[in-house]
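Please open the model in a viewer and keep the selection panel at hand. The tour proceeds by selections, each followed by a description of what is found there.

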Amino acid sequence: MFRKHAFLIGFFGWLAAAAWPGAHAQDRRARPELPVMLTADELVADEDLGIVTALGNVEVAQGDRILRANTLTFNRRTNVVTASGGVSLVEPGGDVFFAEFVELTSDLRDGVMRDLRILLADQSRFAAVTARRADGSRTTMRRATYSPCEPCAENPSRAPMWQIRAANVRHDEARKEIVYDEAWLEIRGVPVAYTPYLAHPDGTEKRKSGFLPPDVAISSRTGTMVATPYYWTLGPSADATVTPIILSNDRPLMSAEYRQRFGAGQVVTDASFLNTRRDGEGFPQWRGHLRSDGRFDLDDNWRTGFDIVRASDKTYIDRYRIRQRFRFIEQDSLTSRGFVEGFQDRGYAVVNAFAFQGLRPEDDPTRTPLVLPAAAYSWVGEPGRAGGRFNVDASAVSIYRDRDVRTQRGTILAGWALPHTTRSGEIYTLSANLQSDIFHSSNTAYGTRDAFQPSENGINARALPQIGLSWRLPLVRRDGSLRTIVEPMTAFFIAPNAGSQRDLPNEDSRGLTFDDTNLFRINRFSGYDRLESGQRFILGLNTDFRSVAGQRLSMFVGQQYRMNDEAALPLGAGADTRFSDVVGRTIVQPHEWFAGSYRFQIDNRNRELLRSIAGLSLGPSALRYGLSHARIDRSIQPTAARSINQLTQTLTARIDEEWRMTGRVIESLGSDRGVLLAGATLIYEDNCFLWGVDFTRRNIGRADIPPDTALLFRFVFRNLGETGVRGF
């Protein structure tokens, strides 16, 4: 019998030399022999039988594989290691095996185990009566369970949220797959589903081909929809998901998504189609969509890309829930684009081509524009010695339509700005712009005769200089923990009177929102086609009160005076008359549980409220109520059919660490008073399971997309994917 220190010196070399000969000759040729380190409280060696027994706090380490036990025996003649009593085996990949008894090969890779528990690297867990391990990566278990859920801290013996119990389980670490025979899915220990065969990734595999959980929907529009997606890996940088969808009141729909990454870019494509039996109701027989997005780096400064999206008709995407399935963002149109863009030094250049498909009932494809090209260049110079800075913007665009005005425009905008701060704290900014444009219009015989298009073919040119001077004086005062800012602001802009500009086409400046965010801008139009001209004086006052504890009150109010009426601005926009409407905002936050904001536009002539946008947030994060109201008069929306008067309410509750709930209501308060949308969501989520139910009622519809009620149930099992049941 050896004591611990003597064993470390004398037995280490003997065991290392004896551990690998004979049965493991092939393993020795396949990989380098690794040294073995063994420690224990006591060692008993029987030279006649070739058996060594280690007792007490036994630990065997070979490379990254470590075995611990109360008792360990090694049979030199059979190269078999047996261990018992609190056995744990740590694998190089991070998996940990726990057992009462194990019998292993001398390299600790293969063998049999009894009363086994396994903690995988992703914190998933196995438990089995017996198990056999082969090739150091395949474990076959009998009467086993699997769960990624952590045991209950208060009662570890309690059944996990969910687990799979099977007669036999095979875990292949090389293939990163878990396979079950005769499996039951249990929730809180109660069997709820049975399958004779089940396979899924083991949690360390991020991409693996196979069927995904089905998606079932029940809809008043499309009946029952059953989708069975299949995920297909196509190498290390590409994959696809093919999803056939069975419809109870229409023919089957096929959809697919393809993704691939390249060394200098990526492509994502999705598509769907069906041969509908509703073709006699004003819809094409073949309905579908195609969308493809690509991005490619040409070098360190230049890249190119495309966004292509088309649908067979205006309602297909919404009727068959393609918008939700493939995450469409655009609501009223589909925009296709190809581009090349570059970034270098202080400049940016881009060449675009656009094609649009309108989804609104009134959209006419013959009047929908094709933009080819739309080129732009921007450059911002370095500040000069006095602090002034130059900038240049150039633009060229060509717009084609079948049955409407076709236009081409070239623009160069050169600007200069010089900020200056005096010793007294006054801040002056002197600015100057010169915009030069040349327009060409054709096909005006088909024009819509509105205020946005010229009535005659031909070429027109424009050059408009603008000079501006702004002033503001931030007055700051500190009273203990309170900081107060009072800031009067003025600006004066001078430009020649350009008149209505009706002889010039207007493609990018049709609307104008006059509010506190653009009151002091030299040109409030969003594009190049229209410019603000004439002389105007602007006056505003900004105040801000803040405390070190986070309380805040901020207010702004301002108004503009024109020396002459501005005919280029949309009628009723609020900035086209001598005295403009009054605009302002208020932000208040007296406590972290309360925050509010309010923006307004008041008619200067009759003091009517034309625009009112208010928001309120009340309560702690565990129970938060939100209220917003938007009222916008039709007179300041030249393209709107009616005034907007809507109220939105939301409620978010965090019941505890696992449960949360939200509710939402959008209501019209105008002449068409009523609830537009209402819904609620209840979600349970822990470390291994998510369950949720979402209810939505929409009272808005069009064409073959009537108002509907939606009920969505979601079940997400960690490592098993996601399944959803939707009712509409």
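Begin by selecting methionine 141 in this predicted model. Apart from neighbours within four places in sequence, Met141 is in contact with Leu116, Ile118, Phe126, Ala128, Thr130, Ala131, Ala167, Asn168, Val169 and His171. Next, add Leu67 and Trp162 to the selection. Together with Met141, these are the residues that touch the most other members of the largest nonpolar core, which has 43 residues. In soluble globular proteins, nonpolar side chains tend to be buried together.

A second core, separate from the one just visited, comprises 17 residues. To locate this second core, select Met225, Ala227, Tyr316 and Tyr320, which are among its members.

**Strand E18 and its partners**

Keep Met225 displayed and select strand E18, residues 238–247. Which residue of E18 stands opposite methionine 225? The residue is leucine 247. Strand E16 (residues 223–227) pairs with E18 in the antiparallel sense, over three bridges.

Now select strand E17, residues 230–233. E17 also runs antiparallel to E18, and four bridges join the two. Within this pairing, tyrosine 231 stands opposite threonine 241. E17 and E18 form a hairpin with four residues between them; in the turn, glycine 235 has a positive phi of about 105°.

Proceed to strand E19, residues 253–262. Eight bridges join E19 to E18, again in an antiparallel arrangement. Threonine 243 has serine 255 in E19 as its bridge partner. This pair of strands, E18 and E19, likewise forms a hairpin, here with five residues between them.

Is E18 mostly covered or mostly open? E18 is mostly covered, with seven of its 10 residues buried.

**The hairpin of E3 and E4**

Move to strand E3 (residues 42–46) and strand E4 (residues 51–62), which pair in the antiparallel sense over five bridges. Select aspartate 46 and isoleucine 51 in E4 to display one pair of bridge partners. Four residues lie between the two strands of this hairpin. Glycine 50, in the turn, has a positive phi of about 70°.

**A nonpolar surface patch**

For the final stop, select Leu623, Leu651, Ile655, Trp659 and Met661 and show the surface. These residues make a nonpolar patch of about 430 Å². Leucine 651 lies in strand E38, residues 644–654. Why does leucine 651 count as partly exposed? Leucine 651 is placed in that class because its relative accessibility is 33%, and the class lies between the cut-offs of under 20% for buried and over 50% for exposed.

Definitions and conventions. Residues numbered from 1 in each chain as written. Predicted model: local features only at pLDDT ≥ 70, side-chain atom pairs only at ≥ 80, totals over all residues. Heavy atoms only, no water. Core = buried A, V, L, I, M, F, W, Y, C linked by side-chain atoms within 4.5 Å. Buried < 20%, exposed > 50% of the residue type's maximum accessible area, 1.4 Å probe, protein only. Contact = heavy atoms within 4.5 Å. Patch = residues over 30% accessible without salt bridge, like charges linked within 9 Å, V, L, I, M, F, W, Y side chains within 5 Å. Areas by Shrake-Rupley, 256 points an atom, 1.4 Å probe, with all protein chains shown as cover. Salt bridge = Lys/Arg side-chain N within 4 Å of Asp/Glu carboxyl O. Pairing = 2+ DSSP bridges.
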